[in-house]
Amino acid sequence: MSKKGSFYVKGFDKFLNDMRTISEELDREIIVWLEALGMEFLQEIQNQIVEMGVVDTRRLLNSFDKGGEDSVWELTRQKLELRIGTNVEYARWVNDGHWTVAQTSWVEGRPYFDVAFAIFKKLFEKSLERKMSEWMKRLR
């Protein structure tokens with residue numbers, strides 16, 4: 001009922017509290033989901049390094065591990081952004097190819113990262129579609 005230009009909607013306070021709770025739960029779930037996807041991506045990169053026979057000292061392989069000495073794992077919660085990579089200097093050369101030190105011959109790259117990313121992209125799209133559907137059902 002209206003009273004001096006204001007009105008009350010029965011149940012709206014409960015609805016707002018429920019939405020806040022769902023939002024907080026959803027934020028936590030998205031972070032967990034994002035971290036799990038990150039771990040899957042790292043695993044796929046490692047799989048490709050091994051399958052392509054790239055490993056020599058295992059430094060490159062071990063750098064694609066959360067918490068590894070040369071690894072990059074940066075999660076920004078505000079943007080929901082996960083940056084994954086390696087600090088191993090020669091990682092790009094191995095993936096893309098490079099000239100020898102004397103610049104006399106070209107060493108073909110073994111695109112372990114590119115292949116892993118292509119595989120992961122398909123996995124991510126399916127996972128995102130599944131999660132979005134799940135989250136939308138919850139909001140209905």
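A residue counts as buried when its relative accessible area is under 20%, as exposed when that figure is over 50%, and as partly exposed in between, using a 1.4 Å probe and protein chains only. Keep that scale in mind as we walk through this one.

Some ground rules before the tour. The model is a predicted one, so local features need pLDDT of at least 70 and side-chain atom pairs count only at pLDDT 80 or more, while totals for chains, interfaces and linings use all residues. Residues are numbered from 1 along each chain as its sequence is written, and side-chain values use heavy atoms, with hydrogens and water left out.

Let's start with the overall layout. The protein chain has four helices and six strands; here helices (H or I, at least four residues) and strands (E, at least two) are DSSP runs, numbered from the N terminus. Follow the sequence and you'll meet them in the order β-β-α-α-β-β-α-β-β-α. Of the 140 residues in the protein chain, 26% are buried.

How do parts of the chain touch each other? Take a contact to be heavy atoms within 4.5 Å. Looking at contacts between residues at least 6 apart in sequence, 52% join residues at least 24 apart. On the outside, the protein chain exposes about 10,500 Å², with 55% of it supplied by carbon and sulfur atoms. Accessible areas like this come from the Shrake-Rupley method with a 1.4 Å probe; for residues, only the protein chains shown count as cover.

Now for the charged pairs. A salt bridge is a side-chain nitrogen of Lys or Arg within 4 Å of a carboxyl oxygen of Asp or Glu, and by this rule there are five. One of them joins Asp-70 and Arg-59, at 2.9 Å from N to O. This pair links distant parts of the chain, 11 residues apart: Asp-70 sits in the loop between α2 (59–63) and β3 (71–76), and Arg-59 is in helix α2. Asp-70 is buried at 15%, whereas Arg-59 is partly exposed at 31%. Add Glu-89 to these two, and you have a network of salt bridges.

Another salt bridge brings together Glu-74 and Arg-83, with their closest N and O atoms 2.6 Å apart. Glu-74 is partly exposed, at 39% relative accessibility, and Arg-83 is partly exposed too, at 47%.

Finally, find Arg-92 and Asp-96, whose side chains meet in a salt bridge at 3.8 Å, N to O. Why are they about one helical turn apart? Because they are four residues apart in helix α3 (residues 91–96). Arg-92 is exposed at 63%, while Asp-96 is partly exposed at 42%.
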